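Visitor: Please choose a single part of this model and take me through it closely, with the cut-offs behind each term. I would then like to see how that part relates to the rest of the chain.

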Amino acid sequence: MAKEKYSYGYAQEKYKPLKQKEEQYNLKLEKGNYYIIRFDGKDMTAAFKIDHQAINKPFFDTMEETFNEFCKSTQNVIFGYSFSDEISILIRGGCNSNSQNNRIEKLLSLSSGKLSLIFYRNAQKNNLDLQNKDWVFDGRIIHLDKNEVIDYFLARQAYAIDKYLMQLKAENHIDYKLHTSEAVILALKLIGVHYENLPQKYRYGLIYSPTKNLSPFEFDTNRSMLQQLCFGKIHSIKRKRS
């Protein structure tokens with residue numbers, strides 16, 4: 001029997017052959033697996049950069065408040081790290097009772113939208129000049145094993161430290177040919193800027209833990225603490241043989 005035109009049954013019948021294609025990318029988080037979701041502000045790095053100034057404080061403060069609010073209001077965040085316009089969160093599959101939040105497409109789209117809204121609210125509070133533009137965050141997800149999770153955060157912090165040092169180099173008109181962190185830190189010291197005395201959140205980036213209130217720290221020199229924040233109990237992680 002033919003369905004009445006424009007009825008629900010008619011629409012369902014028409015769409016049924018397309019449903020399988022719609023669900024082709026309807027992947028779900030696998031229970032017990034660790035995932036990193038990284039959000040990046042679209043075009044924010046260049047737009048909110050101030051020439052010869054290492055930190056744009058209204059932008060940094062906005063991102064700091066956005067990062068903390070987002071992590072606290074998002075279920076299943078085990079650990080978070082942020083610097084500049086980038087936010088990374090560690091989650092685990094199967095820990096969320098809401099099945100919708102285990103669907104990767106839903107998780108990325110909803111989280112990116114939520115993060116963008118939080119950013120706007122905090123930007124207004126901090127009087128950040130939004131330059132009459134719409135600012136959004138993109139999101140991507142990576143499935144990693146425990147070794148890779150630690151290496152991921154080591155790498156992201158290394159990028160952040162290098163970026164801050166290069167910004168300090170420009171701010172203090174240090175020779176552009178100096179590229180290593182040791183050389184830049186020494187050059188800064190010679191003009192009276194002691195890198196070790198600068199705010200930790202600028203030097204190391206921001207961290208979030210739902211169970212501990214910690215100041216930012218250097219991951220590479222305190223891997224055991226990073227491991228504890230990500231996985232709970234400190235235990236040895238076997239390195240893969242190359």
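Guide: What follows is a close look at one helix, and then at its surroundings.

The model is predicted, so that local features need pLDDT of at least 70 and side-chain atom pairs count only at pLDDT 80 or more, whereas totals for chains, interfaces and linings use all residues. Residues are numbered from 1 along each chain as its sequence is written, and side-chain values use heavy atoms, with hydrogens and water left out.

The part chosen is helix α5, residues 146–171. Helices here are DSSP runs of H or I with at least four residues, strands are runs of E with at least two, and both are numbered from the N terminus. The expected span of a helix is 1.5 Å times one less than its number of residues, and for the 26 residues of α5 this gives 38 Å, which agrees with the 38 Å between its end C-alpha atoms. At the N-terminal end the helix is capped by Asp145, a side-chain oxygen of which lies 3.1 Å from the backbone nitrogen of Asn147. Such a polar contact is a pair of N or O atoms within 3.5 Å; within protein, one atom must be able to donate a hydrogen and the other to accept it, and residues adjacent in sequence count only if both atoms are side-chain atoms. After α5 comes His173, whose phi is positive, near 55 degrees.

The packing partner to consider is helix α6, residues 181–190, whose axis is 10 Å from that of α5 at an angle of about 40 degrees. These axes are lines fitted to C-alpha atoms, for helices over the stretch in contact, and angles run from 0 to 180 degrees between N-to-C directions. From α5 the contact draws on Leu165, Met166, Leu168 and Lys169, and from α6 on Ser181, Val184, Ile185 and Leu188, where contact means heavy atoms within 4.5 Å. The crossing of α5 and α6 is left-handed, a term used if the near helix is turned anticlockwise from the far one by less than a right angle.

The interior is the next topic. The largest nonpolar core has 63 residues, and Phe79, Ile89, Phe119, Phe153, Phe219 and Cys230 are those with the most contacts inside it; α5 gives the most to this core, with 10 residues. A nonpolar core is a set of buried Ala, Val, Leu, Ile, Met, Phe, Trp, Tyr and Cys residues joined through side-chain atoms within 4.5 Å. Buried means under 20% relative accessible area and exposed over 50%, with partly exposed in between, using a 1.4 Å probe and protein chains only. Phe119, one of the core residues named above, touches residues including Met44, Phe59, Leu128 and Trp135.

For comparison with Lys169, take Ser112, which lies in helix α4, residues 104–125, and which is buried because its relative accessible area is 10%. Ser112 touches Phe39, Phe137, Asp138 and Gly139, leaving aside residues up to four places away in sequence. Ser112 and Lys169 are 57 residues apart in sequence and 33 Å apart in space, C-alpha to C-alpha.

As for the whole, the protein has 8 helices and 5 strands, and its C-alpha atoms fill a box of roughly 85 × 50 × 35 Å along the principal axes. Of its 242 residues, 41% count as buried.
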